[in-house]
Protein chains: 2
Amino acid sequence: MSQKLIQTEIQSTTTNSNRNGFIVFTAESIIRNKRDGHELSKEEIDFLISGYSQGNIPDYQMSAWLMAVYYKGMNPRETAHLTMAMVRSGEQLDLSSIPGIKVDKHSTGGVGDKITLALAALVAAAGVKVAKMSGRGLGHTGGTIDKLDALGLSTDLSPERFIELVNRTGIAVMGQTADLAPADKKLYALRDVTGTVESIPLIASSIMSKKIFAGADKIVLDVKTGSGAFMKTEKDAVELAEAMVAIGKEVGREVVAIITSMEQPLGYAVGNANEVMEAIETLRKNGPADLTELCLTLGSHMVVLAGKANTEAEARAILERCIEDGSALGKLKEFITNQHGISDAILDLTLLPQAAQVVPVFAGKSGYVQAIDAEAVGHCAMLLGAGRETKEDEIDHAVGITLTKKIGDQVAADAPIATLYVNNTEKVEDVKRMLTDAYTIGEERIAPPELIRRVV
Amino acid sequence: MSQKLIQTEIQSTTTNSNRNGFIVFTAESIIRNKRDGHELSKEEIDFLISGYSQGNIPDYQMSAWLMAVYYKGMNPRETAHLTMAMVRSGEQLDLSSIPGIKVDKHSTGGVGDKITLALAALVAAAGVKVAKMSGRGLGHTGGTIDKLDALGLSTDLSPERFIELVNRTGIAVMGQTADLAPADKKLYALRDVTGTVESIPLIASSIMSKKIFAGADKIVLDVKTGSGAFMKTEKDAVELAEAMVAIGKEVGREVVAIITSMEQPLGYAVGNANEVMEAIETLRKNGPADLTELCLTLGSHMVVLAGKANTEAEARAILERCIEDGSALGKLKEFITNQHGISDAILDLTLLPQAAQVVPVFAGKSGYVQAIDAEAVGHCAMLLGAGRETKEDEIDHAVGITLTKKIGDQVAADAPIATLYVNNTEKVEDVKRMLTDAYTIGEERIAPPELIRRVV
């Protein structure tokens, strides 16, 4: 029985019968099967997702199913079926005219995570094809596209121009014209209001569907763990990573997942223009140690997956050379030029959007930084205008927070722990107080948290 | 903080905040609380049910919550809050002008369960006030109102007339003008398509809300168990009974639940007119033993709850006397006369609707009846026109099935096991075959199942 025929049949009916040899499902029978802990078949999952994205299966049946999944979970086979059903829910861009292996990277999200810009240029310099579709952010700071906006880049590329740039220069970033994997978007919105977000198989399939939809052959995942991450414990982060690696195995996409610490913001900058500066500084050999290390770790896995090196050590040496000899910075300049951005900002950071005021924040007491509440720092940046509370909010690319002190650093009561870049002073006093509260300062000197935890 | 104020506040917002000292919830936070196994407060349950019945909380949040309840259950306090929230969702009829204790009876539904008519007249004869609101049936045979239709009774009474009849004669049955407990109806329809029907606290609160809404002070429950019942095992039936007794305790309504067998149809008749005949015969001392026994058992509990006797034995003696001396039959006649039905049918059963054809069904083999698939018998009656497959279907009151043989009876291959009363012959051959298949006949004589299992 061909897949095509099943698809046709299930779209034409919502009743459960067995006519002409076709298997026909109902949403209710699929809910019950999952409720009772049975493994769902590919056909059941396809029926559910295609029916839901076409509006034939209502939200109220989907949310009951999601809650059953919350409790009963899904095995790797089911999770892979769900992932691919979501991939098929939208019209994919045909990237077959880009030769070679397309490696993508995804981070599960943290505060101050400006890595994409530096990493994309770095691995492109090492010969990895970077054909990236990105979105705008919602939350503490902007997404990759918002950061490129701060550089004046145009990401409104035609598919032809996008493919041409990747083929010619090895790197291009395109704004999402439509939603990646529309069924995923619809499901995510429903999960958000029905208490069904925190489900490993649902999170894993959501991330993987977007990456595969965007054309990735191989994927490097940066799964954050710690107080500033969605996965608070390393155990949960590992479980999520394993679920995504398992999906990759099922659907023939090699996946490497790195568990990394998000016990404090990555690097020092939290905002947009200031994060871009930090990314540029990283390719200029002046980046923060943690950001540089994460770029090299994720990058070396990408280089190996792309077949440009045999071992991570070899790949790492290639990447270090690309920073050392300026080729990574050159690739970034080429990328910015291609997409009509302020490429001179690479040499002169003052060309980036500048805030009207620079406001220091003090610790108020002396000692050692023992903890930084990354989520609170992110929230402060959003209050200054660096992020969006709702989809309609406008981002101010110039504003943000650059930390001066991180975990393990010694602070004096009268020395700044952070600098605010401010255009609208309305919330500055609140932000100063909240930022001071986000720091835990004590007598004892503690070691900074280890950044790279393990590879799954 | 007054209940009224909370109600007002929660209706005016869907965001979670704590302003002016009011407690404000969101549907999502309530879903999460239940999902994580926490006990929900009265305020949370009221918010959910009032929001849902007013259309402020969408189906998709409610179905996620229902699935969480399916897995996590609800304790007696929560189940009682849910029950009363559903009771408050509709406009109740004010029965305060009927003095005395109002005792109602509810059966969880079985095949051939014509007990209401006989029981109502019987306990009314014993001085119990019967102020009953009833509905039409969906499924194998009609509901109580459909059976009264077969007697030509008008149940379209004004509230004033209903109350006057109860006060003057002790018995009246009124068709539901609107839905009993509208939130329950809306919830039930949602459960039906989201795999969340089979939840003891949801079933218990649904039944109890309808009874309390209809004005019952005390309630006798007939919880059916066995192959022909919704609760297939005695364990499940007891659990449901205990949940309803617990709700009663929480909300100050005394509840007695009797677990009874539904391993085969109750009595012999499955239909409408034929079930009415059997109910009349029961009050004429010619009823089937099981039906008579169930009337006396349920009735004696009702009489005790109504304060008309001190013990069940005493109550049973009163009821036996009411049958013996014809006062129960007289009360039935008075009831039918009051509501303009064919009261002479009590003495002359041929005045009831008669089918055009009487078709015998044979066993096809000799032996003893070892089992009767009650659900299959009910389905056969529906196919003949005695029940409704959809709400729009018209019932034919004259048609149905009257069994000749029940479990433990000896049958000969050429003697009928049942009689069909038929107007439309289209499905007769199918029904005959299905009915024969519904009987298990074997060599060994087995004892009929015990009817009354236990009192909870």
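How much area is buried between chain B and chain A, and what percentage of it do carbon and sulfur atoms give? In this predicted model, the area buried between chain B and chain A is about 1900 Å², and carbon and sulfur atoms account for 58% of that area. On the side of chain B, three residues supply more of this than any other three, since B:Arg35, B:Tyr60 and B:Tyr71 together provide 34% of the area that chain B buries against chain A. In terms of contacts, 23 residues of chain B touch 23 residues of chain A.

The arrangement of the two copies was then examined. Chain B can be superposed on chain A with an RMSD of 0.1 Å, by means of a turn of 179° combined with a shift of 0.0 Å along the axis. The two copies are therefore related as by a two-fold rotation axis. Within chain B, the C-alpha that lies nearest this axis belongs to B:Tyr60, at 1.9 Å from it, and B:Tyr60 is also one of the three residues named above for their share of the buried area. The same surface serves both copies, as 100% of the contact residues of chain B recur in chain A.

Polar interactions also cross the interface. Between chain B and chain A there are 4 salt bridges, one of which joins the side chains of A:Glu198 and B:Arg32, with a distance of 2.6 Å from N to O. In addition, 15 residue pairs are in polar contact across the interface, with both residues of each pair at pLDDT 80 or more. The elements of chain B that give two or more residues to the side touching chain A are α2 (27-35), α4 (59-72) and α9 (182-192). Of the residues on this side, the largest share, 10 residues, comes from α4(B). Sorted by class, the side of chain B that touches chain A comprises 9 nonpolar, 5 polar and 9 charged residues.

A further feature of chain B is a sheet. In general, the strands of a sheet pair through backbone hydrogen bonds, and they may do so in either a parallel or an antiparallel manner. Here, an open sheet of 3 strands has the order β10-β8-β12 in chain B, and its pairing is antiparallel. Because β10 (410-411) and β12 (439-442) of chain B stand at the edges, each with a single partner strand, one side of each is left without a neighbour in the sheet. Strand β8 (residues 367-372) of chain B is joined to β10(B) by 2 bridges, and these two strands run antiparallel. B:Tyr368 has B:Gln410 as its bridge partner in β10(B).

Conventions:
Residues are numbered from 1 along each chain as its sequence is written. Chains are lettered from A and ligands numbered from 1 in the order in which they are written. This is a predicted model: local features need pLDDT of at least 70, side-chain atom pairs count only at pLDDT 80 or more; totals for chains, interfaces and linings use all residues. Side-chain values use heavy atoms; hydrogens and water are left out. Copies are superposed by least squares on the C-alpha atoms of residues with pLDDT of at least 70 in both. Contact means heavy atoms within 4.5 Å. Buried area is the accessible area (1.4 Å probe) that two parts lose on being put together, summed over both. A polar contact is a pair of N or O atoms within 3.5 Å; within protein, one must be able to donate a hydrogen and the other to accept it, and residues adjacent in sequence count only if both atoms are side-chain atoms. Helices (H or I, at least four residues) and strands (E, at least two) are DSSP runs, numbered from the N terminus. Ala, Val, Leu, Ile, Met, Phe, Trp, Tyr, Cys and Pro count as nonpolar, Asp, Glu, Lys and Arg as charged, and the others, Gly among them, as polar. Two strands pair if DSSP finds at least two bridges between them.
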